[in-house]
Every structure is written in structure tokens, then in C-alpha cells.
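Please open the model in your viewer and keep a selection box at hand, since this tour moves from the whole chain to single residues. Each stop names what to select and then describes what is there.

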Amino acid sequence: TTSSSPQSFTVSMRAATEGFSLSFSVSSSNSAFAPDATSFSLSSGQSRTVNVSFTPNVIGLITGTIRVSASVLGDPVGFVEVGASGTGTASFTVAPSPLHLVSVLLGCSNSRSLQVTTNALLDFDITSTNPVFAANPTSFRTASGQNVAVSFTPAAIGPTSTILTVT
């Protein structure tokens, strides 16, 4: 759930009276949507661009409302609401890739560590296409990261490989 490029909208002041000024406040109903300006004033003929960044805090559809309120000398005179929506997705990385295990004598084993890192609470399963390679743990839940020991216990002389699948 990483941030997206900010989306913007413009607030314009089109008052007929020269020198007239309004104060504006910008708020969000959902913390996943963050305006870069929360208060400002505009005089007749001025405008201000407000950028709203999206930083998902859950996986799935996220909705909210951006509210722009206007006031004169602290007295509210109106507001406009704009709907906002986005989708939070999960991502993860596995490192190092590829994972190299050195030569191992028959009847012995060697292990190295993988680091699985995520940005959301996820359940993971790790499988191997070759039974001489084993992951420990093979299943886990984490919201940030987990070290996984991958061991190699050769059954025959010669090079061998596997594909570890992390889902």
C-alpha cells in the first residue's frame, strides 16, 4: 500500500467586490486522503491548487470526502465536498534473489536466510519444487517482515536447484 501521485483540484475566488477575501479550510473524512493545504485565504480573482495524496491504510476499496469550507471573519458561508476513492493493494519483496547455497556433503545440510518484507498484514506460504530444499517456517503471518531459513540437504552428488514459491 504505497502512496500514489497526488491528484489536484483548484479553489478559485470570483467575488464581484474588489478586495473581498475568504478564508478556506480543507479537510478529509479519511486519513488515507491527505490534502497538502488545510487552510488558506483568497482575495477576489485569486486561486489555489490543492494536492491530495493517497496513502492506503487497508487493502481494498477506500473512499472518503474532501471538504472545502469557506468563511468570512470566522463565520461559515458555505462548503463544497468532493468524493475521493482509491484501492489499497498489498505488496511484498523477497531477498536475496537468487539465493545461493554452497556445496554440501551428502548427509549434511546448509541453510541461508531469506527476508520476506511486506507493507500489509498478509498470510504467506512457501513451497519448493525440489524436496531437498526446505523452508522454515513454511507458513506465517506478518505485517512487516519475516526471516525464513532455507536449508539444502542433498540426496545425490551433483548440482541441483529448486524454485521457491512465496504466496
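What does the accessible surface of the chain come to, and what share of that surface belongs to carbon and sulfur atoms? Select the whole chain, which is a predicted model, and display its surface: the accessible area comes to about 10100 Å², and 53% of this belongs to carbon and sulfur atoms.

**The whole chain**

Switch to a cartoon and go through the elements in order, where you will find 14 strands and 0 helices. The radius of gyration is 27 Å, well over the 15 Å that the globule rule gives for 167 residues, so the chain is more spread out than a compact globule. If you align the view to the principal axes, the C-alpha atoms fill a box of roughly 90 × 20 × 20 Å. Colouring by relative accessibility brings up the buried residues, which make up 28% of the 167 residues in the chain. Among contacts between residues at least 6 apart in sequence, 58% join residues at least 24 apart.

**Strands β2, β6 and β7**

Select residues 60–72, which form strand β6, together with residues 21–28, which form strand β2; the two run antiparallel and are joined by 6 bridges. Within this pairing, V26 stands opposite V68 in β6.

Now add residues 75–88, strand β7, which runs antiparallel to β6 and is joined to β6 by 13 bridges. One place to look along this pairing is L61, whose bridge partner in β7 is T87. The hairpin of β6 and β7 has 2 residues between the strands, and here L73 takes a positive phi near 50 degrees.

Staying in strand β7, select V82. Is V82 buried, exposed or partly exposed? With a relative accessibility of 36%, V82 counts as partly exposed, because that value falls between the 20% limit for buried and the 50% limit for exposed. Leaving aside neighbours within four places in sequence, V82 is in contact with G64, T65 and I66. For a distance label, take the C-alpha atoms of V82 and G64, which are 18 residues apart along the chain and separated by 8.6 Å.

**The sheet of four strands**

Move on to the open sheet whose 4 strands have the order β8-β9-β13-β11, with antiparallel pairing. At its edges stand β8 (92–95) and β11 (133–136), each of which has a single partner strand, so one side of each is left without a neighbour in the sheet. From one strand to the next, the twist averages 25 degrees. Select β8 with residues 110–118, strand β9, to see an antiparallel pair joined by 4 bridges; in this pair V94 stands opposite V116 in β9.

**The sheet of three strands**

Next, select the open sheet of 3 strands, ordered β12-β10-β14 and paired in the antiparallel sense. Here β12 (139–142) and β14 (164–166) stand at the edges with a single partner strand each, so that one side of each has no neighbour in the sheet. Neighbouring strands of this sheet are turned against each other by 20 degrees on average, direction ignored. Keeping strand β10, residues 122–128, and β14 in the selection shows their antiparallel pairing over 3 bridges.

Centre the view on I126 in strand β10, whose bridge partner in β14 is V166. I126 counts as buried at 6% relative accessibility, because buried means under 20% relative accessible area. Which residues does I126 touch, not counting those up to four places away in sequence? They are A135, P137, T138, F140, V148, L164, T165 and V166. For a distance across the model, label the C-alpha atoms of I126 and F54, which are 72 residues apart along the chain and separated by 32 Å.

The last stop is T142 in strand β12, which is buried with a relative accessible area of 8%. Turn on the side chain of T142 and follow it to the backbone nitrogen of G145, which it reaches at 3.1 Å. When neighbours within four places in sequence are left aside, T142 is in contact with T118, A120, L121, L122 and F124.

Definitions and conventions: Residues numbered from 1 in each chain as written. Predicted model: local features only at pLDDT ≥ 70, side-chain atom pairs only at ≥ 80, totals over all residues. Heavy atoms only, no water. Pairing = 2+ DSSP bridges. Axes fitted to C-alpha atoms, helices over the stretch in contact; angles between N-to-C directions. Buried < 20%, exposed > 50% of the residue type's maximum accessible area, 1.4 Å probe, protein only. Contact = heavy atoms within 4.5 Å. Rg over C-alpha atoms; globule rule 2.2 N^0.38 Å. Areas by Shrake-Rupley, 256 points an atom, 1.4 Å probe, with all protein chains shown as cover. Polar contact = N/O pair within 3.5 Å; in protein donor to acceptor, adjacent residues only side chain to side chain.
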